[in-house]
Every structure is written in structure tokens, then in C-alpha cells.
Amino acid sequence: MRTNFAGFFLAAGMGLIVLLLGLGALSMAGLVSFVPSVNQALAVEDSLAVPRCGNIDMPAMSSVSYVPTTAQEKEGEALFKSNCYQCHDVNEKVVGPALGGITKRRNISWLIPWIRNSAKVVASGDEYAIKLFNDNGKQQMPSFQGLSEKEIISIIKYVEAIEGQRAVAYPTTVAVD
Ligand code: HEC
């Protein structure tokens with residue numbers, strides 16, 4: 001009786017091992033799948049209308065896609081588009097440098113006089129300004145004497161908001177295949 005029991009468990013154990021090995025082989029051959037396929041996952045993603053473009057990294061998006069949320073950002077957007085947009089983007093150099101991360105490079109007490117009259121800052125001997133001017137083919141940025149401190153701060157806040165928005169909305173796509 002005892003040997004029969006032992007024999008039974010041995011046989012059952014062997015059977016289980018054979019079954020697992022078989023399943024393993026099938027899954028390696030791609031016939032049986034334990035995880036939902038990538039295509040199924042992508043179909044769900046499509047149905048949720050998540051922006052996606054396969055393995056291709058998204059190109060830098062135009063700042064136009066950002067919808068400002070606060071009154072300050074709205075003011076900043078309007079001023080940016082009417083005064084700065086033709087020469088500046090957030091991620092790419094246009095005529096002037098990309099403005100993304102500007103508050104990490106320069107503080108607001110430098111930015112206000114610069115935007116109001118960049119030539120004056122260059123003439124004052126400011127090293128950063130001189131280098132910036134030389135690196136951009138000595139092309140002088142127009143002066144915006146009419147912009148108040150508050151308006152300039154709104155523009156800077158808008159630029160910062162676009163940076164954040166892009167980081168969330170357009171992550172670098174990871175290859176799935
Ligand atoms: C006609 C083109 C033009 C316009 C319009 C313009 N800029 Fe510029 N901007 C430049 C150039 C060129 C530079 C590089 C510095 C230089 O050559 O004097 C620059 C530099 C800057 C910098 C310094 C960037 C850095 O990396 O340190 C800031 C900040 C800036 N601009 C903000 C603005 C803002 C804000 C506006 C709108 C109110 C504006 N600019 C409008 C051409 C322009």
C-alpha cells in the first residue's frame with residue numbers, strides 16, 4: 001500500500017514536470033502565451049487615444065499645443081506669441097537660443113533688464129551677455145522697453161509651464177519590439 005502511494009506521487013510528480021517542460025517549450029516556440037501580447041496591449045492603448053508612434057521618438061512639439069491654465073500663463077502666452085515666438089522656441093534654437101531651462105541659467109533680475117534692453121546688458125560688460133551675443137552671430141535681440149516686470153515674469157512662467165507640460169505629455173517612446 002505504502003509503495004503504491006509513493007509510486008503514485010512519483011508518477012504524478014513526473015507527469016507535472018513533463019507538462020511544465022512541454023508548456024515551456026511551446027511558449028518558447030511562441031505557440032502558447034502567458035502574457036497578453038504586445039499587440040493586444042497596443043490595441044487597448046489605441047482605444048484610449050493615447051498619443052503613440054511606435055518605436056519612433058516624438059519630434060519636438062510646437063509650443064502651440066500647450067493650453068495655459070492660470071491667468072498669468074494666459075497673459076504670458078499672448079505676450080510670448082506676439083513678441084518672442086518668431087525668434088524663440090522652448091526646445092530648439094530658432095533665431096535666438098531655445099528658452100527651455102532659462103530660469104536655471106539666469107535669474108529673473110538678469111532676465112528683466114535683458115529682455116527690456118539686451119544691448120545695454122551687453123554694453124555693461126556682463127560676461128554671460130557678451131558670450132551669448134557673440135555665440136549668436138552678434139545679432140541683437142530687439143528691446144522690449146514697453147513690457148512691465150509683471151508681463152516679463154508672465155512670459156517666463158509660461159515658458160516654464162511649457163517645459164513641464166512637454167515632459168509629461170510627450171515622454172520619449174520606449175521601443176516595444
Ligand atoms: C528678432 C529675434 C528675437 C526676438 C523677437 C526675441 N529674441 Fe530673445 N534673443 C534673440 C537672440 C538673437 C538672442 C541671443 C542673444 C543675442 O544675440 O543678443 C536672444 C536671447 C534671449 C535670451 C537669453 C537666452 C539664453 O539662453 O541665455 C532670452 C531670455 C530671450 N532672448 C528672451 C526673449 C523674450 C522673452 C522675447 C520676447 C519678449 C524675445 N527674446 C524676443 C532674438 C530674439
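These exercises work through a predicted model of one protein and its ligand.

**Exercise 1. The overall fold**

Task: State how many helices and strands the protein has, and how they are ordered along the sequence.

Solution.
- Step 1. Count the elements. The protein has eight helices and zero strands.
- Step 2. Read along the sequence. The pattern is α-α-α-α-α-α-α-α.
- Step 3. Look at burial. Of the 177 residues in the protein, 14% are buried.
- Step 4. Look at contact range. Take the contacts with a separation of 6 or more; 70% of them join residues 24 or more positions apart.

**Exercise 2. One face of α3**

Task: Compare the span of α3 with its expected value, then find which of its residues are buried.

Solution.
- Step 1. Helix α3 covers residues 71-83. At 1.5 Å a residue, its 13 residues should span 18 Å.
- Step 2. Check the ends. The end C-alpha atoms are 18 Å apart, which agrees with the expected span.
- Step 3. List the buried residues of α3. They are E73, G76, E77 and F80.
- Step 4. Look down the axis. The buried residues of α3 fall within an arc of 100°, so they line one face of the helix.
- Step 5. Turn to the face away from the buried side. That face of α3 carries the exposed residues A71 and S82.

**Exercise 3. The loop between α3 and α4**

Task: Decide whether G100 and V94 are buried, partly exposed or exposed.

Solution.
- Step 1. Place G100. It lies in the loop between α3 and α4.
- Step 2. Apply the cut-off. Burial requires 20 or more other C-beta atoms within 10 Å. G100 has 20, so it is buried.
- Step 3. Find its partners. Beyond four places in sequence, G100 is in contact with V90, N91 and E163.
- Step 4. Check one C-alpha distance. G100 and V90 are ten residues apart along the chain, and their C-alpha atoms are separated by 4.6 Å.
- Step 5. Place V94. This residue also lies in the loop between α3 and α4.
- Step 6. Count again. V94 has 13 C-beta neighbours inside 10 Å, so it counts as partly exposed.
- Step 7. List the contacts of V94. Leaving aside neighbours within four places in sequence, they are C87, H88 and D89.

**Exercise 4. The nonpolar core and α8**

Task: Identify which helix gives the most to the largest nonpolar core, then trace residues of α8 to their partners.

Solution.
- Step 1. Size the core. The largest nonpolar core has 16 residues, and I155, Y158, V159 and I162 have the most contacts inside it.
- Step 2. Assign the elements. Those giving two or more residues to this core are α5, α6 and α8. Helix α8 gives the most, with seven.
- Step 3. Recall the general trend. In soluble globular proteins, nonpolar side chains tend to be buried together.
- Step 4. Take V159. Beyond four places in sequence, V159 touches V90, L99 and I102.
- Step 5. Take I156, in helix α8. It has 21 C-beta neighbours inside 10 Å, so it counts as buried.
- Step 6. Trace the contacts of I156. Not counting residues up to four places away in sequence, they are I102, T103, I108 and L111.
- Step 7. Add a C-alpha distance. I156 and I112 are 44 residues apart in sequence and 9.8 Å apart in space, C-alpha to C-alpha.
- Step 8. Take I162, also in helix α8. With 25 C-beta neighbours inside 10 Å, I162 counts as buried.
- Step 9. Follow I162 to Y66. These residues are 96 apart along the chain, and their C-alpha atoms are separated by 6.4 Å.

**Exercise 5. The ligand shell**

Task: Describe the shell around the ligand by residue, element and class.

Solution.
- Step 1. Count the shell. There are 25 residues around the ligand, and C84, C87, G96, N136 and M141 come nearest.
- Step 2. Assign the elements. Helices α4 (102-105), α5 (108-116) and α7 (127-135) each give two or more residues. Helix α5 gives the most, with three.
- Step 3. Sort by class. The shell has 15 nonpolar, eight polar and two charged residues.

**Exercise 6. A backbone exception**

Task: Find where K138 lies, and whether it is buried or exposed.

Solution.
- Step 1. Read the torsion. K138 has a positive phi of about 55°, although it is not a glycine.
- Step 2. Place the residue. K138 is in the loop between α7 and α8 (149-169).
- Step 3. Count neighbours. K138 has 8 C-beta neighbours inside 10 Å, so it counts as exposed.

Definitions and conventions. Residues numbered from 1 in each chain as written. Predicted model: local features only at pLDDT ≥ 70, side-chain atom pairs only at ≥ 80, totals over all residues. Near = placed C-beta within 6 Å. Helix = DSSP H or I, 4+ residues; strand = E, 2+ residues; numbered from the N terminus. Nonpolar A, V, L, I, M, F, W, Y, C, P; charged D, E, K, R; others polar. Buried ≥ 20, exposed ≤ 12 C-beta atoms within 10 Å, placed from the backbone. Core = buried A, V, L, I, M, F, W, Y, C linked by C-beta atoms within 7 Å. Contact = placed C-beta atoms within 7 Å. Expected span 1.5 Å × (residues − 1). Arc of directions from axis to C-beta.
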